[in-house]
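Please look through the sequence and the model shown below. The report that follows goes through its sheets, one of its helices, a pocket and two loop residues.

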Amino acid sequence: MSITSALNTAASGLRVQQSLSRVAADNVANSNTEGYAKRSAVVVSTLIGGGANVTEIRREVDSALARMARLENARMSEQQAVYEGLRDYSIFLGEIGDGNSPAESYAEFSASMSTLVNMPSSSGAQAGAILAAENLVTTLNHASDRLAGVRADVDMEIRYEIADLNDKLYELVDLNTKLHTYQQNTFEAAAYSDRVESIIDEISSMVDVRVSYGSAGWVNLYTTGGAALMEGDQVHDVSYNAGDGTFWAGGQEITPTNPNVRGIEHGTLSGFATLRNETIPTFQLQLDEFARGLITTFENADASLGATDAGLFTDSGGRYNAANLEGLASRIQINSRVEGATTGTSWLIRDGLGTATESENVSDATQVQLFINEMNSAMNADPLTGINSTVSLSDYAAEMISAQGTTTARAESSYNAARSAAEVVAASRQNVEGVSIDEEMQNLMLIEQSFAANSQMLSTIGEMLDTLLSIV
């Protein structure tokens with residue numbers, strides 16, 4: 001080996017070790033940085049002049065694992081949104097036996113009617129039945145109002161999430177336009193890729209996406225259904241129509257719960273859409289059907305009512321209107337003729353709400369028995385409630401609480417399963433992309449030894465040159 005070749009080899013060795021030390025130092029410094037992928041340097045021997053060069057700063061990633069991790073994260077985020085949206089409402093609604101649920105309020109009312117049928121002349125029994133009815137109405141009103149609050153919260157969360165999503169899409173566009181400023185296979189290009197991949201990870205928790213790369217290396221994002229979210233330097237702004245619960249990307253509908261569009265399948269927006277367009281409407285229908293059952297039961301069984309008279313339970317003071325079921329649970333009221341049970345008309349619950357004067361036979365419980373018989377008849381609930389139509393009014397409340405509790409429990413179970421799957425894949429991805437401090441420390445020791453060897457070679461060559469020059 002000539003002195004020139006030896007000099008080139010030692011010098012290139014120092015340059016390589018300098019790059020390797022920077023790679024190791026960056027890895028150690030960013031070991032806990034979210035979105036950072038471990039770096040490695042590709043070293044290639046040079047054929048001319050000897051030595052070696054670093055030709056590429058490579059990010060240690062597995063594209064298949066990254067796609068899988070994003071999909072599992074989207075599924076987990078979807079289930080989390082559904083579960084957390086239902087959890088607080090279910091706690092408010094209560095459970096069978098806790099004394100706060102509509103089922104318990106109905107049980108108290110039913111017990112008061114049983115007392116009244118055995119003690120029809122007792123003003124205390126009459127007042128007790130009316131007060132229990134008022135408590136039942138209040139419980140239904142509060143449950144419906146709480147559910148409306150959950151829906152309003154979901155609408156707000158959707159707007160916040162869409163604002164964040166659009167911000168991330170525009171951030172990607174900005175990075176796309178800056179791509180040409182980075183030379184490929186450099187430290188700067190690796191940092192650029194880290195940022196791009198990190199943003200895509202954040203977006204995938206909101207909306208599961210398909211990622212493609214243009215000929216210039218630009219990132220393009222699409223829904224799993226194929227609708228464009230971002231292409232090159234153009235963002236198809238995502239929007240939400242609170243009126244009908246639809247989602248849009250530009251002019252393309254992407255509503256998650258609509259199977260007829262090229263839409264979203266997973267992510268928090270999909271979870272919110274499921275709550276907004278499916279789960280909450282079903283819960284509301286169940287509450288409204290319970291309110292309908294109460295109103296119509298006491299209208300149908302009350303022989304004293306005229307064609308337009310309201311019964312014990314009313315829709316804002318009037319009779320039930322089949323064309324106006326939605327929101328009935330929030331409007332149901334006690335008939336003003338007996339409201340408060342202190343007006344001196346509590347006997348109406350015994351004789352019938354349409355009675356003009358109190359019956360002389362105060363021991364006649366015929367009308368009360370008619371009420372009880374009707375309460376034990378099939379309620380014919382709407383099939384969309386998921387509750388059997390043969391269930392009676394007396395059993396409906398318990399069936400409703402059980403159905404809603406089961407829905408929440410399933411949501412929790414689905415969330416836990418999705419979280420476990422996401423954690424397993426995330427751990428596998430971390431094993432590939434994450435930094436091992438021990439491994440990097442070992443690399444730094446080897447780099448130090450190699451650097452010392454190359455430095456020693458340069459020193460030796462310097463001494464040789466000095467000797468040759470002194471001879472001349």
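Which residue in β5 stands opposite L221? The residue facing L221 is M230 in β5. The model is a predicted one.

## The four-stranded sheet

L221 belongs to an open sheet of four strands, whose order is β3-β4-β5-β6 and whose pairing is antiparallel. The edge strands of this sheet are β3 and β6, and each of them pairs on one side only. Strand β3 covers residues 209–213 and is joined to β4 by five bridges. One of the pairs here is V211 with L221, its bridge partner in β4. L221 therefore has a partner on either side, V211 in β3 and M230 in β5, given that β4 lies between β3 and β5 in the strand order. In a regular strand, side chains alternate between the two faces of the sheet.

Strand β4 (residues 219–223) and strand β5 (residues 228–231) run antiparallel and are joined by three bridges. Besides the pair of L221 and M230, Y222 stands opposite A228 in β5. Strand β5 is in turn joined by two bridges to strand β6, residues 234–235. In that pairing E231 stands opposite Q234.

## Turns of the four-stranded sheet

Each of the following hairpins has a glycine with a positive phi. The hairpin of β3 and β4 has five residues between the strands, and G217 in its turn has a positive phi of about 90°. Between β4 and β5 there are four residues, and G226 takes a positive phi near 110° in this hairpin. In the hairpin of β5 and β6, two residues lie between the strands, and G232 takes a positive phi near 65°.

## The three-stranded sheet

A further open sheet has three strands in the order β7-β8-β9, with antiparallel pairing. Its edge strands are β7 (238–241) and β9 (252–253), each pairing on one side only. Four bridges join β7 to strand β8, which covers residues 246–249. Among the facing residues are S239 with W248 and Y240 with F247. The hairpin of β7 and β8 has four residues between the strands, and G245 takes a positive phi near 75° there.

On the other side of β8, two bridges join this strand to β9. A249 stands opposite Q252 in β9. The hairpin of β8 and β9 has two residues between the strands, and G250 takes a positive phi near 65°.

## Helix α6

How far apart are the end C-alpha atoms of helix α6? They are 45 Å apart. Helix α6 has 33 residues (268–300), so at 1.5 Å a residue a span of 48 Å is expected, and the distance in the model agrees with this. The helix also has a kink of about 40°, centred on L275.

Is α6 mostly enclosed or mostly open to the outside, and what shows it? Of its 33 residues, 28 are buried, so the helix is largely enclosed by the rest of the structure. Buried here means under 20% relative accessible area.

## The second largest pocket

The second largest pocket holds about 270 Å³ of space. Its lining is made up of 15 residues, and those closest to the centre are E84, G85, D153, E157 and F272. Helices α2 (63–93), α4 (123–177) and α6 each supply at least two lining residues.

Which helix gives the most to this lining? Helix α2 does, with seven residues. By type, the lining divides into six nonpolar, four polar and five charged residues.

## Two loop residues with positive phi

S316 is not a glycine, yet its phi is positive, at about 50°. This residue is found in the loop between β10 (313–315) and α7 (328–331). With 44% relative accessibility, S316 counts as partly exposed, because that value falls between the 20% limit for buried and the 50% limit for exposed.

N380 likewise has a positive phi, of about 55°, without being a glycine. Its place is the loop between α9 (366–375) and α10 (393–433). The relative accessible area of N380 is 55%, so this residue is exposed.

Notes
Residues are numbered from 1 along each chain as its sequence is written. This is a predicted model: local features need pLDDT of at least 70, side-chain atom pairs count only at pLDDT 80 or more; totals for chains, interfaces and linings use all residues. Side-chain values use heavy atoms; hydrogens and water are left out. Two strands pair if DSSP finds at least two bridges between them. The expected span of a helix is 1.5 Å times one less than its number of residues. The bend at a residue is the angle between axes fitted to the seven residues ending there and the seven starting there. Buried means under 20% relative accessible area, exposed over 50%, partly exposed in between (1.4 Å probe, protein chains only). On a 1 Å grid over the protein atoms alone, a cavity is a set of points where a 1.4 Å probe fits but cannot get out, and a pocket is an open set with protein on both sides within 12 Å along at least five of seven lines; lining residues have an atom within 4 Å of a point. Grid points are joined across faces, edges and corners, and a volume is the space filled by probe spheres set on the points. Ala, Val, Leu, Ile, Met, Phe, Trp, Tyr, Cys and Pro count as nonpolar, Asp, Glu, Lys and Arg as charged, and the others, Gly among them, as polar.
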